[in-house]
Amino acid sequence: MRDDNCIFCKIANGEIPSATLYEDDDFRVIMDLNPASRGHSLILPKDHAANLFELPDETAAKVLPLAKKIGAKLSEGFGSDGFNVVQNNGECAGQTVFHFHTHLIPRYKGDTVSVKWVPGKLAEEDIEKAKSLFS
Ligand code: AMP
Ligand code: ZN
């Protein structure tokens, strides 16, 4: 399913040109237009899903192997020292384009990329809450 109002649907399906690194029946991998670092790329499924929770399991299962494959090439080719795989869901989590995508972000010693949070302290109440969801 494609969404006519979605820019990533158009990019993923080749209606809008992009710096494409890889394409198969299910995905297109493009370079991010406003990269956090050299080589920053995005895995886009060709079918529209707004976020991880809408993504079919069959597609989701292919994302990490693809991230590994493309990430390894980017990392080696650009000579990165580390690598972040980032996937945002919802505005408050930093999602700005509401078509599922996975960021592949090569990291370099001393770079200014920020994928950080202030560590908190695990509360007993939250352990109980979370555990109750799975019992
Ligand atoms: P997120 O904030 O996780 O939704 O990430 C959206 C990403 O898409 C950002 O890193 C943008 O720089 C990138 N982006 C937005 N529009 C385009 C585009 N037309 N081509 C390539 N990357 C884009
Ligand atoms: Zn879309």
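Which residue has a backbone N or O atom that lies 3.0 Å from an oxygen atom of ligand 1? In the model, which is a predicted one, that residue is Val 97. Two side chains make comparable approaches to oxygen atoms of the ligand: a polar side-chain atom of Asn 88 lies 2.9 Å from an oxygen atom of ligand 1, and an N or O atom in the side chain of His 103 is found 2.8 Å from an oxygen atom of ligand 1. On its own, ligand 1 has 500 Å² of accessible area, of which the protein covers 82%. The surroundings of ligand 1 comprise 16 residues, and those that come nearest are Asp 32, Gly 94, Thr 96, His 101 and His 103.

The second ligand is a zinc ion, whose protein donors are the SG atoms of Cys 6 and Cys 9 together with the ND1 atoms of His 48 and His 99, at distances of 2.0 to 2.3 Å from the ion. Along the chain, these donors follow the spacing C-x2-C-x38-H-x50-H. The arrangement around the zinc ion is tetrahedral, because the four donor atoms subtend angles of 104 to 116°, and for four donors this description requires that all angles lie between 85 and 135 degrees. Cys 9 belongs to helix H1 (residues 7-12), whereas His 99 is placed in the loop between strand E4 (82-86) and strand E5 (102-107), so the pair ties together parts that are 90 residues apart in sequence. Both Cys 9 and His 99 are buried.

Turning to charged side chains, the count of salt bridges in the model comes to five. One of them is formed by Arg 2 and Asp 47, with the closest N and O atoms 3.1 Å apart. Arg 2 lies in the segment before H1, and Asp 47 in the loop between strand E3 (41-45) and helix H2 (57-78), so that this pair ties together parts that are 45 residues apart in sequence. Arg 2 counts as partly exposed because its relative accessibility is 47%, and Asp 47, at 40% relative accessibility, is likewise partly exposed.

A salt bridge also links the side chains of Asp 26 and Lys 62, with an N to O distance of 2.9 Å. Here, Asp 26 is located in the loop between strand E1 (20-23) and strand E2 (27-31) while Lys 62 is part of helix H2, and the pair therefore ties together parts that are 36 residues apart in sequence. Asp 26 is partly exposed, having a relative accessible area of 29%, and Lys 62 is partly exposed with a value of 33%. In addition, salt bridges that share partners join Glu 23, Arg 28 and Lys 46 into one network.

A further salt bridge brings together the side chains of Asp 111 and Arg 107, again with an N to O distance of 2.9 Å. Asp 111 is situated in the loop between E5 and helix H3 (124-132), and counts as partly exposed because its relative accessibility is 24%. A polar atom of the Asp 111 side chain also lies 2.8 Å from the backbone nitrogen of Tyr 108. By contrast, Asp 111 and Asp 126, which are 15 residues apart along the chain, have C-alpha atoms separated by 34 Å.

Technical notes: Residues numbered from 1 in each chain as written. Chains lettered and ligands numbered in written order. Predicted model: local features only at pLDDT ≥ 70, side-chain atom pairs only at ≥ 80, totals over all residues. Heavy atoms only, no water. Donors = N, O, S within 2.8 Å, 3.2 Å for Na, K, Ca; no water. Tetrahedral: all angles 85-135°; square planar, octahedral: opposite > 155°, others 65-115°. Helix = DSSP H or I, 4+ residues; strand = E, 2+ residues; numbered from the N terminus. Buried < 20%, exposed > 50% of the residue type's maximum accessible area, 1.4 Å probe, protein only. Near = heavy atom within 4 Å. Polar contact = N/O pair within 3.5 Å; in protein donor to acceptor, adjacent residues only side chain to side chain. Areas by Shrake-Rupley, 256 points an atom, 1.4 Å probe, with all protein chains shown as cover. Salt bridge = Lys/Arg side-chain N within 4 Å of Asp/Glu carboxyl O.
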